[in-house]
Amino acid sequence: MAMVFSKVLTADDMENGLSIPGCSLGQLPDQEGLTMSMQVHDRNGQAWIFSCTIKRNDSVGHFLSVGWNKFVRERDLRVDDKVTIHEEAMKKQGSGTWIKVEVKRKIRLFGEDIWADV
């Protein structure tokens, strides 16, 4: 499984959508405003559809703005949770990839910080 992107969530990510740098996703089309759907799977195998829009920012170039409000609400995500997106080769079909989303929350246990699945 290859990690594509990882980020500790900010309030802006929670309210306005997750911004993923285009360089972490390979070649994005140049068409700003283009909208597409991205199907991802969580650790339980549940499928989620994220509506994504290609945007441009002078400091980072093209990036994907991911609308994921339903996922945020239903999984009770919080600021400072860590989201990681992985790409994994499909096992049965032999071709194509699955996009997996993993969310972890830092908790303090016996004086140690650990990241637990959300």
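Q: In which loop is the place of phenylalanine 110?
A: In this predicted model, phenylalanine 110 has a phi near 55°, a positive value in a residue other than glycine. Its relative accessibility is 80%, and since exposed means over 50%, phenylalanine 110 counts as exposed. As for its place along the chain, phenylalanine 110 is found in the loop between E7 and strand E8 (112–117).

Q: Which residue other than glycine, in the loop between helix H2 (69–74) and strand E6 (82–89), has a phi near 80°?
A: The loop in question joins helix H2, residues 69–74, to strand E6, residues 82–89. A phi near 80° is a positive value, and it is found here in a residue other than glycine. The residue that lies in this loop and has that phi is aspartate 80.

Q: Is arginine 105 buried or exposed?
A: Arginine 105 lies in strand E7, which covers residues 97–109. Leaving aside residues up to four places away in sequence, arginine 105 touches Asp76, Leu77, Arg78, Asp81, Ile114, Trp115, Ala116 and Val118. Its relative accessibility is 18%, and because the limit for a buried residue is under 20%, arginine 105 counts as buried.

Q: With the side chain of which residue does the side chain of arginine 105 make a polar contact?
A: The residues that arginine 105 touches, not counting those up to four places away in sequence, include Asp76, Arg78 and Asp81. The polar contact runs from side chain to side chain at 2.8 Å, and the partner of arginine 105 in it is aspartate 81.

Q: What is the relative accessible area of histidine 41?
A: Histidine 41 lies in strand E3, made up of residues 35–41. Not counting residues up to four places away in sequence, histidine 41 touches Gln46, Ala47, Trp98, Ile99, Lys100 and Val101. Histidine 41 is buried, a class that requires a value under 20%, and its relative accessible area is 11%.

Q: How many Å apart in space, C-alpha to C-alpha, are methionine 3 and lysine 100?
A: Methionine 3 lies in strand E1, residues 2–8, and is exposed, with a relative accessible area of 56%. When residues up to four places away in sequence are not counted, methionine 3 touches Thr84, Ile85 and His86. Methionine 3 and lysine 100 are 97 residues apart in sequence, while the C-alpha to C-alpha separation in space is 9.3 Å.

Q: Is valine 8 buried, exposed or partly exposed?
A: Valine 8 lies in strand E1 and, not counting residues up to four places away in sequence, touches Asp13, Asp80, Asp81 and Lys82. Valine 8 and valine 103 are 95 residues apart in sequence, with 9.5 Å between their C-alpha atoms. The relative accessibility of valine 8 is 38%, and because this value falls between the limits of 20% and 50%, valine 8 counts as partly exposed.

Q: Which residue is 52 residues from asparagine 69 in sequence and 7.2 Å from it in space, C-alpha to C-alpha?
A: Asparagine 69 has its place in helix H2, and at 39% relative accessibility it counts as partly exposed. The residue 52 positions from asparagine 69 in sequence, at a C-alpha to C-alpha distance of 7.2 Å, is glycine 17.

Q: How many residues in the lining of the largest cavity are charged?
A: The count comes to one cavity of 30 Å³ or more, and about 30 Å³ of space lies in the largest cavity. Its lining consists of Asp42, Arg43, Arg75, Val101, Glu102, Val103 and Val118. These lining residues divide into three nonpolar and no polar, and the number that are charged is four.

Q: In what order do the elements of the protein run from the N terminus on?
A: The secondary structure of the protein comes to two helices and eight strands. Among contacts between residues at least 6 apart in sequence, 45% join residues at least 24 apart. Read from the N terminus on, the order of the elements is β-α-β-β-β-β-α-β-β-β.

Q: What percentage of the 118 residues in the protein do buried residues make up?
A: The protein exposes about 7400 Å², and carbon and sulfur atoms supply 49% of that area. Buried residues, among them arginine 105 and histidine 41, make up a share of the 118 residues that comes to 34%.

Notes:
Residues numbered from 1 in each chain as written. Predicted model: local features only at pLDDT ≥ 70, side-chain atom pairs only at ≥ 80, totals over all residues. Heavy atoms only, no water. Helix = DSSP H or I, 4+ residues; strand = E, 2+ residues; numbered from the N terminus. Buried < 20%, exposed > 50% of the residue type's maximum accessible area, 1.4 Å probe, protein only. Contact = heavy atoms within 4.5 Å. Areas by Shrake-Rupley, 256 points an atom, 1.4 Å probe, with all protein chains shown as cover. 1 Å grid on protein atoms, 1.4 Å probe; cavity = no way out; pocket = protein on both sides within 12 Å on 5 of 7 lines; lining within 4 Å. Points joined across faces, edges and corners; volume = space filled by probe spheres on them. Nonpolar A, V, L, I, M, F, W, Y, C, P; charged D, E, K, R; others polar. Polar contact = N/O pair within 3.5 Å; in protein donor to acceptor, adjacent residues only side chain to side chain.
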